[in-house]
2 protein chains.
Amino acid sequence: MSTLVVKFGGTSVATTERIMHVAKRIQREKQNGYDIVVVVSAMGKTTDQLVDMAHEISESPSKREMDVLLTTGEQVTISLLSIALHKLGIEAKSFTGWQAGIVTEHVPSNARIENIKPKAVNDALKAGEVAVVAGFQGIDDEGNITTLGRGGSDTTAVAIASALNAERCDIYTDVDGVYTSDPRFVKGARKLKELSYDEMLELANLGAGVLHPRSVEVAKNHNIPMSVRSSYEDVEGTILKEEIEVEKDLVVRGVAFEPDIIRLTVYYKEAYNGSLANIFTTLAKNHVNVDIIVQTIIQGTQPSVSFSVKKENLQDTLQVLSEHKDILGYDHIDYEGELAKVSIVGSGMVSNPGVAASMFDRLYREGIPVKMVSTSEIKVSVVVPQEDMLKAANALHEEFGLSLKEKVAQ
Amino acid sequence: MSTLVVKFGGTSVATTERIMHVAKRIQREKQNGYDIVVVVSAMGKTTDQLVDMAHEISESPSKREMDVLLTTGEQVTISLLSIALHKLGIEAKSFTGWQAGIVTEHVPSNARIENIKPKAVNDALKAGEVAVVAGFQGIDDEGNITTLGRGGSDTTAVAIASALNAERCDIYTDVDGVYTSDPRFVKGARKLKELSYDEMLELANLGAGVLHPRSVEVAKNHNIPMSVRSSYEDVEGTILKEEIEVEKDLVVRGVAFEPDIIRLTVYYKEAYNGSLANIFTTLAKNHVNVDIIVQTIIQGTQPSVSFSVKKENLQDTLQVLSEHKDILGYDHIDYEGELAKVSIVGSGMVSNPGVAASMFDRLYREGIPVKMVSTSEIKVSVVVPQEDMLKAANALHEEFGLSLKEKVAQ
């Protein structure tokens, strides 16, 4: 029998009533003849409540203990969903992260899955049971409970789909698919029927917020077809796969935007080789994610390197840099806040030169200053003042034909 | 260094404020120079709330899944208490049941601890850390999460004390010691300074409610000194140990009582050997606890056997008996409810004949009918109508000199 991995997020399991609703949806897929693994998140606001309790005790709780605390959230959901499935007459068995054999690296609060030992889950499937697995969590090789960081449950689902060689991984969520842009803020944004992993990866990385990039990365690496669909309505979602049909006249497939970006600039007394590698190696070792990097060596000015980080990572970044000032050999640092990133994404961009130029031209005409630029084969990102973010996104969405009512985004 | 195991129950850790208070108490013991293992229960009403959620979904949730659900309660407490200890500058590390190496039999919701592999906890102690262990929970040899049933956290604490060869196991609770009877219902009940394991065992078994009998049993078997003391006030509690000084004029040391007792009577067409063993072996195999047993074989009447169970076990008992009717070969069953058990306990009873007679005489004078009787070397229990329970307890407490203001219970 084919295996299907389905994942339900926190809002889909926020109450016992919704958990019962999820159980009924699983029942339908089970009747379609699949072996089913369900991955679930913590119920609704549970995680926030647990974090609040920890903060009542300490403003800087240990990451190891936060993982022990937060993983109880999914453990509650797996047991309740198993009980709900039993209620419908469906055999089901719950698995915490360690019971499902999800082994991660030894990095509290933001671990990557290293491997999955799926024997116990496989045994359950062979016995005809639905396996209900706690998302977001695992165990490291020292037996510590770990968590996978934001969006971790998506990653759990895709990694299990890969380990079990599943036919597909369906991510049920509170939106009904991936859109050309966020419909709450961008006029005329429409749902995409299909998207390539790479396009999704760029959109996910750029704050589209539907899927965590790590989950898409794992799906791409193992070529696991994924879908994003609604927990509430029975409508077709968006399918992610390797190859999709690209409409010629829709070179750009999505416009993403993300607020709360900080541009840091590190100044050196003099340029010297290796400093650039040093700085980013040091930051990576300390688990600080850096996004866009721009190096400026202009004769007559102080050599510098600029990079962008999320606002939430600013304190960590500054601390790591100051702790390593001696080795890194820089002179001083400054940073600029109140920035945002706006990006256009599309697989077709690689064979359509001039897309970036059109983008810059439009932003110029809108009077929006561009602070940083980054390009890849399938996307162009710009950093702009945060107050211009939505104006930029709407203008670009319209510029590249995504908002036109006559065309149906494929 | 000597190891001390301390246990805090649900009311002692009901809020983050109380958890901070517990951390401060541990800090004091740590300053006394002990290596410390703390065992904790779930916060306050957490367990009840989790049970309610499960019952919103199903009136008969699977025991395996209930164990997965309920064990999240202690997992929350261990992480929060560890965070609170860190806040005070104390190194601490949390351990779930499986992380602490607590291996139980494969009996969901009411497992016994089979053995403890204390390596991880020991490593933490050696590293100078306070080990914060989740009570009430373990793991069976198939990797399922199990729970130890009511009072399970006390058992966890004593079993760990035994595995680590601890100097003492202190049970912090919402009462400040063991009393001659429940002071809420019995006039003049007073705190005991010392008690033997056997006396406590009888009192615990008889509904005194302070400690779970299994925990006292483990303490007795491994000769671990225990104390019961208050989480709130810094006063001496009651010490439990093997040998205590018995005051000659206090033969009876405690009066215990327990409501909600059912007397079942199983009738046979004819007496036959083995039926008695069969019935209780069958019940034991199905994890039904039977208390007092009385067999009646009177010429000319239908042979029968009566036994008492707790009201909460009535449905299970009836189901097990009816499922095994063919093998057990009985004719029919009836039962009487609205009964209670009242008992007197004291190590000195073995060398003081006539105690039981004084008990029956006093009950007769009070006009209280005795429905069943059970005696051991250190206790006499009677089953009486529930409406007479407190009257009987007060009368016996007074009869055996426990209420006298002039004497101090030792």
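In this predicted model, helix H12 of chain A covers residues 389–399. Seven places along this helix are listed as buried: Met389(A), Ala392(A), Ala393(A), Asn394(A), Ala395(A), Leu396(A) and His397(A). An α-helix has 3.6 residues a turn, so residues three or four places apart point the same way. The buried residues of H12(A) are covered by several elements of chain A. Among them are two strands, E13 (254–267) and E16 (332–345). Helix H11 (355–366) and strand E18 (379–385) also belong to this cover. Just after H12(A), the backbone takes a positive phi of about 80° at Gly401(A).

Helix H7 of chain A, residues 213–222, also has buried residues. They are Arg214(A), Ser215(A), Val216(A), Val218(A) and Ala219(A). A positive phi follows here as well: Asn223(A), just after H7(A), takes a value of about 50°.

Chain A is divided into two domains. Domain 1 spans residues 3–174, and domain 2 spans residues 255–399. H12(A), at 389–399, therefore falls at the end of domain 2. Taken over C-alpha atoms, the centres of the two domains of chain A are separated by 35 Å.

Chain A also holds an open sheet of eight strands. The strand order is E3-E6-E2-E1-E9-E11-E12-E10, and the pairing is mixed. Strand E3 (92–95) lies at one edge and strand E10 (194–196) at the other. Each of these edge strands pairs on one side only. From one strand to the next, the twist averages 20°. At the E10(A) edge, the partner is strand E12 of chain A, residues 238–241. E10(A) and E12(A) run parallel and are joined by three bridges. Within this pair, Leu195(A) stands opposite Leu240(A).

Strand E6 of chain A, residues 130–134, contains Ala131(A). Is Ala131(A) buried or exposed? Ala131(A) has 29 C-beta neighbours inside 10 Å. A residue is buried if 20 or more such atoms lie within that distance, so Ala131(A) counts as buried. Leaving out residues up to four places away in sequence, Ala131(A) touches Val37(A), Lys93(A), Phe95(A), Val121(A), Ala124(A) and Leu125(A). Two of these contacts, Lys93(A) and Phe95(A), fall within the range of edge strand E3(A). Ala131(A) and Ala100(A) lie 31 residues apart in sequence, yet their C-alpha atoms are 9.2 Å apart in space.

Chains A and B meet in a contact that takes 28 residues from each chain. On the side of chain B that touches chain A, three helices give two or more residues. These are H1 (16–31), H2 (46–57) and H3 (63–87) of chain B. H3(B) supplies the largest share, 14 residues. By class, this side of chain B has 14 nonpolar, 11 polar and three charged residues.

How are the two chains related? A rotation of 180°, with 0.1 Å of shift along its axis, superposes chain B on chain A with an RMSD of 0.1 Å. That is the relation of a two-fold axis. In chain B, the C-alpha nearest the axis belongs to Thr72(B), 2.6 Å from it. Thr72(B) falls within the range of H3(B), residues 63–87. The interface residues of chain B are 100% shared with those of chain A, so the copies meet through the same surface.

Technical notes. Residues are numbered from 1 along each chain as its sequence is written. Chains are lettered from A and ligands numbered from 1 in the order in which they are written. This is a predicted model: local features need pLDDT of at least 70, side-chain atom pairs count only at pLDDT 80 or more; totals for chains, interfaces and linings use all residues. Two residues are in contact if their C-beta atoms, placed from the backbone, lie within 7 Å. Helices (H or I, at least four residues) and strands (E, at least two) are DSSP runs, numbered from the N terminus. Ala, Val, Leu, Ile, Met, Phe, Trp, Tyr, Cys and Pro count as nonpolar, Asp, Glu, Lys and Arg as charged, and the others, Gly among them, as polar. Two strands pair if DSSP finds at least two bridges between them. Axes are lines fitted to C-alpha atoms, for helices over the stretch in contact, and angles run from 0 to 180 degrees between N-to-C directions. A residue is buried if 20 or more other C-beta atoms lie within 10 Å of its own, exposed if 12 or fewer, and partly exposed in between; C-beta atoms are placed from the backbone. Copies are superposed by least squares on the C-alpha atoms of residues with pLDDT of at least 70 in both. Domain bounds come from an automatic or database domain assignment.
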